[in-house]
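Colleague: Got a minute to walk me through this one? I would like to start with the charged side chains.

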Amino acid sequence: MGTAAVIKGIRFLRKTGYAICHIDKFSKEMGDVLREQLSSVCYGSSKAESSRKAYTYRKTLKEFLERYESKAPDTQMGMIGELLTHILVFKYFSEFNAVSPYFNLEERSIKKGFDVVLYSRGENELWITEVKSGELHKNKNANETTASLLGTAKRDLQKRLNENEISLWENAINGAKSVLEDKRDVKDAVIEILYNFEDDVADENAISTNKNVILVASLFSCLSDEIKELEVKKFSDKVIKTKTFRDVIVFTFQKETHQRIVDFLKSEAAS
């Protein structure tokens, strides 16, 4: 796998086990993708494709911004990091479909459980995705901060996948049912995998070694100090060597600030 250019203003590289993305500028194409995909990301494709008024682009924008404005600054940054993860996966990881909604189903609080659950139809496999977002850490450069974010993502996911916590899988099952409500063939396959994982938890046999994971670092910092491919590869190789998970993709992306995304969404809502 080599370079790909799908959205202007973005440099993207994907190799076996890792991918790296630098968002140099917020282009018209990026705005178009956000506009096209926001409802699908937030509610899932089934609802986005319906004719219900609650799931229109404008209503979704309003709902997103209300959720965003009520959060603390670090949480707001995390929300944009997770939103961009959905968008970038949609454009650059064509083998995956998101089978979890961005919005928490019951309330406007932060979603409990996994950040993103992806399904690979060709392989009939799920990929559990953990996103960690941040600005440069104190006394650390872009590569050191990225390694720190990825390390936190790895530890958090390892902990949760080895916990016998049924609510994690119930949330994933309910999310998948909501996203895939009118896509019967995919829904049946996804729910079956999730129920099998939940059965392991019910038997108190939760393990991380039979789960595929994507560890995401979303770094908001000046691109004059760029995340380097070699460092991302090094982290990927290290995690794969530990055999903590069944399979691993390490994905990092860097953008100068998350505020440009927020400004775009606010301008769209006001227009």
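Modeller: Sure. This is a predicted model. Its structure holds 21 salt bridges.

Colleague: What lets side chains pair like that?

Modeller: Side chains of opposite charge can pair when their charged atoms come close.

Colleague: Give me an example. Which residue does Arg 11 meet in a salt bridge?

Modeller: Arg 11 meets Asp 24. The N to O distance is 2.8 Å. Arg 11 lies in strand β2, residues 10–15, and Asp 24 lies in the loop between β3 (18–23) and α1 (28–43), so the pair ties together parts that are 13 residues apart in sequence.

Colleague: Are those two buried, partly exposed or exposed?

Modeller: Arg 11 is partly exposed, at 35% relative accessibility. Asp 24 is partly exposed too, at 43%.

Colleague: What about Glu 66? Which residue is its salt bridge partner?

Modeller: Lys 62. The closest N and O atoms of the pair are 2.8 Å apart. Both residues sit in helix α3, residues 57–69. They are 4 residues apart there, which means about one helical turn separates them.

Colleague: And how open are they?

Modeller: Glu 66 is partly exposed, with 30% relative accessibility. Lys 62 is also partly exposed, with a relative accessible area of 48%.

Colleague: Now Asp 185. How far apart are the closest N and O atoms in its salt bridge with Arg 121?

Modeller: They are 3.7 Å apart. Asp 185 lies in helix α7 and Arg 121 in the loop between β5 and β6, so this pair ties together parts that are 64 residues apart in sequence.

Colleague: Exposed or buried, that Asp 185?

Modeller: Exposed, at 51% relative accessibility. Its partner Arg 121 counts as partly exposed, at 48%.

Colleague: Which residues are linked in a network of salt bridges?

Modeller: Lys 28, Asp 32, Arg 35 and Glu 268.

Colleague: Let's move to the surface. Which residues form the negative patch?

Modeller: Glu 192, Asp 199, Asp 203 and Glu 204 form it. Take Asp 199 as one of them. Its place is in helix α7, which spans residues 184–202. At 43% relative accessibility, Asp 199 is partly exposed.

Colleague: New topic: cysteines. How many disulfides does the structure hold?

Modeller: The count is 0.

Colleague: Why does Cys 21 have no bond to the closest cysteine sulfur?

Modeller: Because that sulfur is too far away. It belongs to Cys 222 and is 16 Å from the sulfur of Cys 21. A disulfide needs the two sulfurs within 2.5 Å.

Colleague: And Cys 42, what is its closest cysteine sulfur?

Modeller: The one in Cys 21, at 19 Å. That is too far for a bond as well.

Colleague: Are these two cysteines buried or exposed?

Modeller: Cys 21 is buried, with 0% relative accessibility. Cys 42 is buried as well, with 1%.

Colleague: Last thing, the backbone. What sign does phi usually have?

Modeller: Most residues other than glycine have a negative phi.

Colleague: So what is phi for Asn 124?

Modeller: Near 50°, a positive value. Asn 124 is found in the loop between β5 (116–120) and β6 (125–134). This residue is partly exposed, with a relative accessible area of 40%.

Colleague: And Lys 243, where is its place?

Modeller: In the loop between α8 (229–242) and β8 (247–255). Phi of Lys 243 is positive, near 55°. Lys 243 counts as exposed, at 66% relative accessibility.

Technical notes
Residues numbered from 1 in each chain as written. Predicted model: local features only at pLDDT ≥ 70, side-chain atom pairs only at ≥ 80, totals over all residues. Heavy atoms only, no water. Buried < 20%, exposed > 50% of the residue type's maximum accessible area, 1.4 Å probe, protein only. Patch = residues over 30% accessible without salt bridge, like charges linked within 9 Å, V, L, I, M, F, W, Y side chains within 5 Å. Areas by Shrake-Rupley, 256 points an atom, 1.4 Å probe, with all protein chains shown as cover. Salt bridge = Lys/Arg side-chain N within 4 Å of Asp/Glu carboxyl O. Lys, Arg positive; Asp, Glu negative; His and termini not counted. Charge placed at Lys NZ, Arg CZ, Asp CG, Glu CD. Helix = DSSP H or I, 4+ residues; strand = E, 2+ residues; numbered from the N terminus.
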